[in-house]
Amino acid sequence: YTQRLKRLEDRLEREEQELEEDLIEYEGRKREELLSAGESLLSFVLGRRRTRVLSTASRRRRLTLKAKADVEESEETIEELKKEINALREEQEKALEEVRQEWAGVAEAIEETALRPKKSDIRVEAFGLAWVPHWVFIYRDARGQRRQESVPAYLPPER
């Protein structure tokens, strides 16, 4: 669930960024269309005739409508992604609750039983005896106290 949620949240973030870009473009297209219409109206009033006025206005209107459609598409996609994320979170919570209930039942079924080990239950798998030679020195120190020191009776192998 975590990976699926992460993927959906990443897609949502990208779509929100795309929506911001689409909104900026749409606002720019609306201003451009408005300025173009005003410019065309002014040229008619002043008596200047331009042959491409209608085609330019038509193209600007088409681009504005396309930008608006992009904004609407982004908004719809964002809503769908939010619904998917919420549904996935609900599914995750439901699955977690099922696991909790299942394990709660297992925990309740566990019984404590006292075990009393018997000597007959003990098995010795391996037994060994090791001897490490040491020299034991017993002496009196400078104060006259008796001391005992143990020193290995062999040289350890060099590495």
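Helices (H or I, at least four residues) and strands (E, at least two) are DSSP runs, numbered from the N terminus. The model is predicted: local features need pLDDT of at least 70, side-chain atom pairs count only at pLDDT 80 or more, and totals for chains, interfaces and linings use all residues. Residues are numbered from 1 along each chain as its sequence is written, and side-chain values use heavy atoms, without hydrogens or water.

**View A. Glutamates form a negative surface patch.**
The patch is made by Glu13, Glu16, Glu18, Glu20, Glu21, Glu72, Glu73, Glu75, Glu76, Glu79, Glu80 and Glu84. Two elements give two or more residues each: α1 (2-45) and α2 (53-109). Helix α2 supplies the largest share, seven residues. Glu79 is one of the patch members, and Glu79 sits in helix α2. The relative accessible area of Glu79 is 43%, so Glu79 is partly exposed. (Buried is under 20%, exposed over 50%, partly exposed in between; 1.4 Å probe, protein chains only.) Patch residues have over 30% relative accessible area and no salt bridge; like charges join within 9 Å, nonpolar side chains (Val, Leu, Ile, Met, Phe, Trp, Tyr) within 5 Å. Asp and Glu count as negative, with the charge placed at CG of Asp or CD of Glu.

**View B. Leucines and a valine make a nonpolar surface patch.**
Leu41, Leu42, Val45 and Leu46 build this patch. The patch covers about 430 Å² (Shrake-Rupley method, 1.4 Å probe). Leu46 is found in the loop between α1 and α2. Leu46 has 52% relative accessibility, so Leu46 counts as exposed.

**View C. Lys6 and Asp10 form a salt bridge within helix α1.**
Nine salt bridges are present in the structure (a side-chain nitrogen of Lys or Arg within 4 Å of a carboxyl oxygen of Asp or Glu). Here the side chains of Lys6 and Asp10 meet at 3.3 Å, N to O. Both residues belong to helix α1. Lys6 and Asp10 are four residues apart, about one turn of the helix. Asp10 counts as partly exposed because its relative accessibility is 28%.

**View D. Lys30 and Glu27 are also joined by a salt bridge.**
Their side chains meet at 3.5 Å, N to O. Lys30 and Glu27 lie in helix α1, three residues apart. That spacing is about one turn of the helix. Lys30 is partly exposed, with a relative accessible area of 35%. Glu27 is partly exposed too, at 34%.

**View E. Glu25, Arg29 and Glu32 share a salt-bridge network.**
Show the three side chains together, for a network of salt bridges links Glu25, Arg29 and Glu32.

**View F. Strands β1 and β2 pair in an antiparallel hairpin.**
Strand β1 spans residues 134-140. Strand β2 spans residues 146-152. The two run antiparallel, and seven bridges join them (strands pair if DSSP finds at least two bridges between them). Trp135 stands opposite Val151 in β2. Five residues lie between the strands of the hairpin. In this hairpin, Gly144 has a positive phi near 95 degrees.

**View G. Asp141 and Arg147 meet in a salt bridge.**
The N to O distance between the side chains of Asp141 and Arg147 is 3.0 Å. Arg147 has a relative accessible area of 37%, so Arg147 is partly exposed.

**View H. Val71 of helix α2 is buried.**
Val71 has a relative accessibility of 7% and therefore counts as buried. Val71 and Ile24 are 47 residues apart along the chain. Their C-alpha atoms are separated by 9.5 Å.

**View I. Glu108 and Ala142 are separated by 70 Å, C-alpha to C-alpha.**
Along the chain, Glu108 and Ala142 are 34 residues apart. Glu108 has its place in helix α2. At 68% relative accessibility, Glu108 is classed as exposed.

**View J. Ala104 and Gln145 are 67 Å apart in space.**
This distance runs from C-alpha to C-alpha. In sequence, Ala104 and Gln145 are 41 residues apart. Ala104 belongs to helix α2. Ala104 is partly exposed, at 35% relative accessibility.
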